[in-house]
Amino acid sequence: MILLKNISYETPYKDRILTNISLEIKTGEFVVITGKSGSGKTTLGYVINGLIPHYYRGELKGSAYINGKNINEISLFKMGGLVGTVFQEPKNQFFMMDVFNEVAFGCSNMGLKRDDILVHTEKSLEVLGIKHLKERNIFNLSSGERQKLAIASCNAMSPDVYLFDEPTANLDIASILDLKKILKLLKQKGKTVIVLEHRLFYLCEILDRMILLNNGKIEKEYLRNELINVDEK
């Protein structure tokens with residue numbers, strides 16, 4: 001599904017963020033990428049979803065593939081349909097003013113027919129449990145509701161891969177538990193899920209593998225059954 005070979009990344013200001021990272025994530029695998037702030041988690045996520053090099057400049061070395069295709073050769077527009085990304089602050093990724101049209105936005109950009117857009121949108125709102133919010137202004141939503149909206153927007157486009165960047169940063173415990181249920185559902189559906197996170201307590205029973213980054217390098221990998229004696233970092 002996702003294959004990274006000897007990935008290194010340096011910003012336009014010559015700051016080295018990633019160094020020689022090789023990683024394979026299989027179809028349907030639930031992978032957590034963790035590490036302290038500044039370890040390179042978000043930057044690695046941007047390589048996976050194509051924001052590097054298509055949006056963020058700098059020097060990218062190595063090769064990144066999704067479904068056997070080089071990510072560098074896939075347009076950012078098409079990458080959005082392959083990898084659904086939920087950012088740390090979801091409202092920064094919104095384009096519309098109300099919930100319904102925000103969920104429909106990605107499907108419209110994909111060129112789907114109107115009837116198909118309506119079906120995808122309604123189904124996604126229902127799956128995420130926010131159908132009652134569909135006429136609400138997105139800027140009047142709570143942090144948890146905004147996150148569900150961001151996930152619904154991705155879900156409507158039916159990507160095979162979901163990438164979450166520190167999804168609990170602005171959530172209370174109730175919203176974190178709601179997120180956990182959604183992540184379990186995505187896993188049950190066979191989706192590939194990648195979570196960039198340093199808070200691990202809600203993920204240990206869901207993940208298949210955890211990747212520990214340190215100073216832009218993979219320091220260690222853990223399988224779920226190896227995490228019992230690992231202190232949360």
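Here are some questions and answers about how features of this predicted model get their labels.

Q: Why is the pair of Tyr-55 and Tyr-56 called edge-to-face?
A: Look at the planes: they sit at 85°, and anything over 60 degrees counts as edge-to-face. The ring centres are 4.9 Å apart, and the cut-off for pairing is 6.5 Å, so the rings qualify as a pair to begin with. A search of the whole structure turns up five aromatic pairs, and ring pairs tie Tyr-46, Tyr-55, Tyr-56 and Phe-87 together into a cluster.

Q: Why does Tyr-55 count as exposed?
A: Its relative accessibility is 54%, and exposed means over 50%, so Tyr-55 makes the cut.

Q: And what makes Tyr-56 partly exposed?
A: Tyr-56 has a relative accessible area of 34%. Buried needs under 20% and exposed needs over 50%, so 34% lands in between.

Q: How do you know that Cys-107 is in no bond with Cys-154?
A: The sulfur of Cys-107 finds its closest cysteine sulfur in Cys-154, 11 Å away. A disulfide needs the two sulfurs within 2.5 Å, so that's too far for a bond. Cys-154 is likewise in no disulfide, and the search of the whole structure comes back with zero of them.

Q: Are Cys-107 and Cys-154 buried or exposed?
A: Buried. Cys-107 has a relative accessible area of 0% and Cys-154 has 5%; buried means under 20%, so both values fit the label.

Q: What makes up the contact between H4 and H6?
A: From H4 (residues 99-109) come Val-99, Glu-102, Val-103 and Cys-107, and they meet Leu-149, Ala-152, Ser-153 and Ala-156 in H6. By class, that's six nonpolar residues, one polar and one charged. Glu counts as charged, so Glu-102 fills that slot.

Q: How do H4 and H6 pack, at what angle and with what handedness?
A: H4 and H6 (residues 143-156) pack at about 35°, their axes 7 Å apart, and the crossing is right-handed.

Q: What makes helix H1 mostly covered?
A: Seven of the eight residues in H1 (residues 41-48) are buried. Those are Lys-41, Thr-43, Leu-44, Gly-45, Tyr-46, Val-47 and Ile-48. Buried means under 20% relative accessible area, so each of these residues falls below that cut-off.

Q: Which residue just after H1 takes a positive phi?
A: That's Gly-50, with a phi of about 90°.

Definitions and conventions. Residues are numbered from 1 along each chain as its sequence is written. This is a predicted model: local features need pLDDT of at least 70, side-chain atom pairs count only at pLDDT 80 or more; totals for chains, interfaces and linings use all residues. Side-chain values use heavy atoms; hydrogens and water are left out. Axes are lines fitted to C-alpha atoms, for helices over the stretch in contact, and angles run from 0 to 180 degrees between N-to-C directions. Helices (H or I, at least four residues) and strands (E, at least two) are DSSP runs, numbered from the N terminus. A crossing is left-handed if the near helix is turned anticlockwise from the far one by less than a right angle, and right-handed if clockwise. Contact means heavy atoms within 4.5 Å. Rings of Phe, Tyr and Trp (its six-membered ring) pair if their centres lie within 6.5 Å; planes under 30 degrees apart count as stacked, over 60 as edge-to-face and the rest as tilted. Buried means under 20% relative accessible area, exposed over 50%, partly exposed in between (1.4 Å probe, protein chains only).
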